[in-house]
Amino acid sequence: MDFIITKPISRHKIFVSKFLSGLTILTITNILYIGTLILFEADTKKEFVLSMFSLYFTQLVFYAIGILIAVLLKRIRSVSGVGTAAGIIGFALTAIVSLLEKEKLLIIAPLKYFDPANIYATGSYTAKYVICAIIIFVVCMAVSFTKYCKSDIDAI
């Protein structure tokens with residue numbers, strides 16, 4: 001990171017470059033995943049294709065949340081600890097919502113936004129959860145971008 005800051009590159013460009021590199025990795029990984037599934041699955045119904053894209057959209061939501069956490073926390077000692085905590089919190093929220101069976105609480109469980117069981121039952125994504133995912137993504141990215149571009153670099 002120190003080397004990047006010594007070059008005459010704006011923080012905007014650094015943030016966008018890092019964001020796009022992560023997005024590229026997610027996209028390539030999911031292209032390989034979806035391509036493999038289509039190659040080995042003879043039946044590619046609409047629901048099957050939508051459920052394959054569910055993983056990608058869920059990853060995008062958690063990617064945005066992860067970027068926000070990385071920008072807000074000054075020093076992260078262990079990335080795996082923060083990532084595991086985010087995963088466990090997401091899973092716990094999903095489990096609590098499933099146990100309580102309250103439709104209104106689904107909005108706090110990002111792992112349920114693109115639920116394959118719901119896709120196979122209805123044949124499509126639920127619009128309000130797609131909108132919620134888009135809002136989370138846009139808000140997290142906007143806050144992260146603003147905070148990253150305006151923050152000072154700590155002296156070592």
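This is a short talk on the helices, cores, one pocket and a few single residues of the structure above.

A caution before the details: the model is predicted. Everything I say is computed from that model.

I'll start with the overall fold. The protein chain has six helices and zero strands, so the order along the sequence is simply α-α-α-α-α-α. There are 156 residues, and 26% of them count as buried. The chain exposes about 10,400 Å², and carbon and sulfur atoms supply 71% of that area. As for contacts, take those in the chain with a separation of 6 or more: residues 24 or more positions apart account for 66% of them.

Next, the interior. The largest nonpolar core has 14 residues. Which residues have the most contacts inside it? They are Phe15, Ile67 and Met141. Three elements give two or more residues to this core, namely α2, covering 11-40, then α3, and α6, covering 127-150. Of these, α3 gives the most, with seven residues.

Ile67 is worth a look on the screen. Leaving aside residues up to four places away in sequence, Ile67 touches Phe15, Phe19, Met141 and Ser144. Two of those names, Phe15 and Met141, you have just heard as residues with the most contacts inside the core.

There is also a second, separate core of nine residues. Among its members are Leu106, Ala109, Tyr113 and Phe114. Please keep Phe114 in mind for the next part.

Now to helix α3, which runs over residues 46-72. I picked two of its residues, Ser54 and Thr58. Are they buried or exposed? Ser54 has a relative accessible area of 3%, and the cut-off for buried is under 20%, so Ser54 is buried. Thr58 comes out at 12%, so by that cut-off Thr58 is buried as well.

What do they touch, again not counting residues up to four places away in sequence? For Ser54 the partners are Phe114, Ile119 and Tyr125. For Thr58 they are Pro110, Leu111 and Phe114. Phe114 therefore appears in both lists, and Phe114 is one of the residues of the second core.

For contrast, consider Val138 in helix α6. Its relative accessible area is 47%, and partly exposed covers the range between 20% and 50%, so Val138 is partly exposed. Val138 and Val61 are 77 residues apart in sequence, yet their C-alpha atoms are 9.3 Å apart in space.

Last, a pocket. The second largest pocket has a volume of about 290 Å³. Which residues line it? Reading along the sequence, the lining consists of Phe62, Ile65, Gly66, Ile69, Ala70, Ile76, Val79, Val82, Gly83 and Ala86. Both α3 and α4, the latter covering 79-100, supply at least two residues each. The largest share comes from α3, with five residues. By type, the lining divides into eight nonpolar residues, two polar and no charged.

To recap, α3 has come up throughout. This helix gives the most residues to the largest core, supplies the largest share of the lining of the second largest pocket, and holds both Ser54 and Thr58.

Note on methods: Residues numbered from 1 in each chain as written. Predicted model: local features only at pLDDT ≥ 70, side-chain atom pairs only at ≥ 80, totals over all residues. Heavy atoms only, no water. Helix = DSSP H or I, 4+ residues; strand = E, 2+ residues; numbered from the N terminus. Buried < 20%, exposed > 50% of the residue type's maximum accessible area, 1.4 Å probe, protein only. Contact = heavy atoms within 4.5 Å. 1 Å grid on protein atoms, 1.4 Å probe; cavity = no way out; pocket = protein on both sides within 12 Å on 5 of 7 lines; lining within 4 Å. Points joined across faces, edges and corners; volume = space filled by probe spheres on them. Nonpolar A, V, L, I, M, F, W, Y, C, P; charged D, E, K, R; others polar. Core = buried A, V, L, I, M, F, W, Y, C linked by side-chain atoms within 4.5 Å. Areas by Shrake-Rupley, 256 points an atom, 1.4 Å probe, with all protein chains shown as cover.
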